[in-house]
Amino acid sequence: MENLTMQELLDMQEQELSKINVGEEITGKVARITNDELTLKLEVGFDGVIPAGEVNLAKGQTLADVYKLDEEVTGVITNVSYKDATIKISILKLEQQKDLKELQVAMDEHKTITVHTVKALDRGLYASYKSHNMFMPISQIDTKFVKDTNEYVGMDLECYIKEINARKNRIIISHREVAQEILDAERQEKREKFKAEREAERARIKAEREAAKIAREELFNSLEVGEKRTGKVTNIMSYGAFIDLGGVEGLAHINNLSWTRVADVESVVSVGDEVDVYIQDINPENKRIALSLKNPDEDPWKKIAEEVSVGSHVTAKVLRIIDKGAFVEVKPGVEAYLPIGELSEDRVNKVEDVVNIGYEVNAAIIKFNPDTKRMMLSIKELTREPEEDFSQYMSVGDDSMGTIGELIKEKN
């Protein structure tokens with residue numbers, strides 16, 4: 001080597017440099033670090049230079065912040081200088097090559113990447129992903145209309161790659177498509193959640209209905225005629241009140257609301273009232289229950305049966321008048337019938353000729369059945385003269401007395 005001329009050395013150097021090709025990867029150790037470049041010691045016997053612009057530095061970073069002396073660094077050869085025997089190397093281009101392959105796979109497989117938006121334009125956004133810059137048109141930023149692109153600067157956004165053109169160094173991305181998918185997924189999730197909640201609610205209601213049905217069946221089967229129950233008035237009709245016994249309803253007819261006559265249902269009960277009722281009748285076939293608010297122990301017919309009988313004299317008040325007679329109240333809850341033929345010994349053409357509503361009359365009981373709650377009265381019975389007893393004028397076997405008619409005539 002020492003005997004070689006300068007020209008021969010230069011020729012050898014050029015020959016060695018000619019073996020090194022632009023675009024190839026090369027590795028060397030950091031020999032020097034400045035603000036502008038890294039100098040590498042290469043195995044091929046030459047120095048490699050990596051300008052700061054060929055390193056993917058974050059904003060504010062320097063080469064010294066990232067690299068250390070003797071650290072192995074790999075890059076792509078961008079230029080070979082025969083004049084000063086140096087090799088220009090780019091770490092950025094090597095990263096870009098690797099990142100471009102990754103981006104191509106992401107586009108081919110329709111996978112998302114996360115980009116960082118760095119600059120706003122009227123027509124879109126510039127974003128970065130690793131070593132590449134890319135463009136997002138304003139129509140691809142969001143699902144809603146975008147007025148100000150500056151609102152999106154500095155954001156990390158999930159995007160799909162729509163186009164890669166390495167020759168033109170152009171990569172087009174879209175966040176709108178990802179946002180639409182997220183929106184669609186959220187809507188679908190809400191629909192599924194609503195559907196699940198609705199089905200759960202339906203199942204709950206069905207279970208409650210089944211349980212309520214069983215409870216109603218058990219309650220209905222537990223009812224016995226004559227027993228006392230507590231219920232709540234749920235509805236009022238002109239003919240009576242519907243009462244809930246805790247799951248099953250029964251009807252208390254207007255005639256069974258009180259022992260006294262009831263003009264209208266609402267004068268006795270109102271919706272929501274809690275009342276004590278007595279089971280009058282149960283019909284298992286149609287599930288109907290007849291109820292009564294009348295306490296059997298307070299039945300006025302039972303009480304009056306202990307006080308009067310046929311032939312007893314009573315005072316009654318005229319309640320209603322019909323063509324054939326009048327209905328009178330003997331005691332609260334006890335009504336009797338006074339036929340027109342029992343108003344007087346004389347012939348009566350019209351009931352009102354003898355009595356009117358509100359009159360108090362004295363009468364005798366001529367028929368009485370407390371079990372069927374029937375009583376018939378007669379005023380005429382009180383005014384009828386008792387028949388005379390002629391037995392004192394008669395003796396057994398004595399024919400000299402003549403006939404009864406003759407006796408009456410003789411008496412007169």
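1. A lining residue of a pocket has an atom within 4 Å of one of the pocket's grid points. The largest pocket here has 21 such residues. Those nearest its centre are Trp259, Arg261, Trp301, Gly333 and Glu335. Keep in mind that this is a predicted model.

2. The largest pocket holds about 570 Å³ of space. Which elements give two or more residues to its lining? They are strand E16 (313-322), strand E17 (325-331), strand E18 (334-339) and strand E20 (374-378). E18 gives the largest share, with three residues. By class, the lining has nine nonpolar, seven charged and five polar residues.

3. Now the chain as a whole. It has 412 residues, and 32% of them are buried. Its secondary structure consists of seven helices and 20 strands. The accessible surface is about 26,900 Å². Carbon and sulfur atoms account for 47% of that surface. Take the contacts between residues at least 6 apart in sequence: 56% of them join residues at least 24 apart.

4. Met375 sits in strand E20, one of the strands that give two or more residues to the pocket lining. Is Met375 buried or exposed? Its relative accessibility is 6%, so it counts as buried; the cut-off for buried is under 20%. Leaving out residues up to four places away in sequence, Met375 touches Trp301, Ile304, Val330, Val334, Glu335, Ala336, Tyr337, Ile365, Lys367 and Phe368. Among these contacts of Met375 are Trp301 and Glu335, and both Trp301 and Glu335 are listed with the residues nearest the pocket centre. Met375 also pairs with Val310 over a stretch of sequence: they are 65 residues apart along the chain, with C-alpha atoms separated by 9.1 Å.

5. Lys373 belongs to the loop between strand E19 (360-369) and E20. Its phi is near 60°, a positive value in a residue other than glycine. Lys373 counts as partly exposed because its relative accessibility is 30%, and partly exposed runs between 20% and 50%. Please look at the backbone here in the model.

6. Lys130 is a second place to look at the backbone. Its phi is positive, about 55°, although Lys130 is not a glycine. Lys130 lies in the loop between strand E7 (124-129) and strand E8 (132-137).

7. Thr117 is in strand E6 (residues 113-121). It counts as buried because its relative accessibility is 1%. Which backbone atoms does its side chain reach? One is the backbone nitrogen of Gly154, which lies 2.9 Å from a polar atom of the Thr117 side chain. Another is the backbone nitrogen of Met155, also at 2.9 Å. Not counting residues up to four places away in sequence, Thr117 touches Leu125, Tyr126, Ala127, Tyr152, Val153, Gly154, Met155 and Leu157. Gly154 and Met155 thus appear both in that contact list and as partners of the Thr117 side chain.

8. Gly231 is placed in strand E11 (residues 228-237). With a relative accessible area of 4%, Gly231 is buried. Which residues does it touch, not counting those up to four places away in sequence? They are Ile243, Asp244, Leu245, Asp273, Glu274 and Val275. Gly231 and Gly247 are 16 residues apart along the chain, and their C-alpha atoms are separated by 9.7 Å.

9. Phe46 is a loop residue, found between strand E2 (37-42) and strand E3 (47-51). Is Phe46 buried or exposed? Its relative accessible area is 9%, so Phe46 is buried. In sequence, Phe46 and Ile87 are 41 residues apart. In space they are 7.3 Å apart, C-alpha to C-alpha.

Technical notes:
Residues are numbered from 1 along each chain as its sequence is written. This is a predicted model: local features need pLDDT of at least 70, side-chain atom pairs count only at pLDDT 80 or more; totals for chains, interfaces and linings use all residues. Side-chain values use heavy atoms; hydrogens and water are left out. Helices (H or I, at least four residues) and strands (E, at least two) are DSSP runs, numbered from the N terminus. Buried means under 20% relative accessible area, exposed over 50%, partly exposed in between (1.4 Å probe, protein chains only). A polar contact is a pair of N or O atoms within 3.5 Å; within protein, one must be able to donate a hydrogen and the other to accept it, and residues adjacent in sequence count only if both atoms are side-chain atoms. Contact means heavy atoms within 4.5 Å. Accessible areas come from the Shrake-Rupley method with a 1.4 Å probe; for residues, only the protein chains shown count as cover. On a 1 Å grid over the protein atoms alone, a cavity is a set of points where a 1.4 Å probe fits but cannot get out, and a pocket is an open set with protein on both sides within 12 Å along at least five of seven lines; lining residues have an atom within 4 Å of a point. Grid points are joined across faces, edges and corners, and a volume is the space filled by probe spheres set on the points. Ala, Val, Leu, Ile, Met, Phe, Trp, Tyr, Cys and Pro count as nonpolar, Asp, Glu, Lys and Arg as charged, and the others, Gly among them, as polar.
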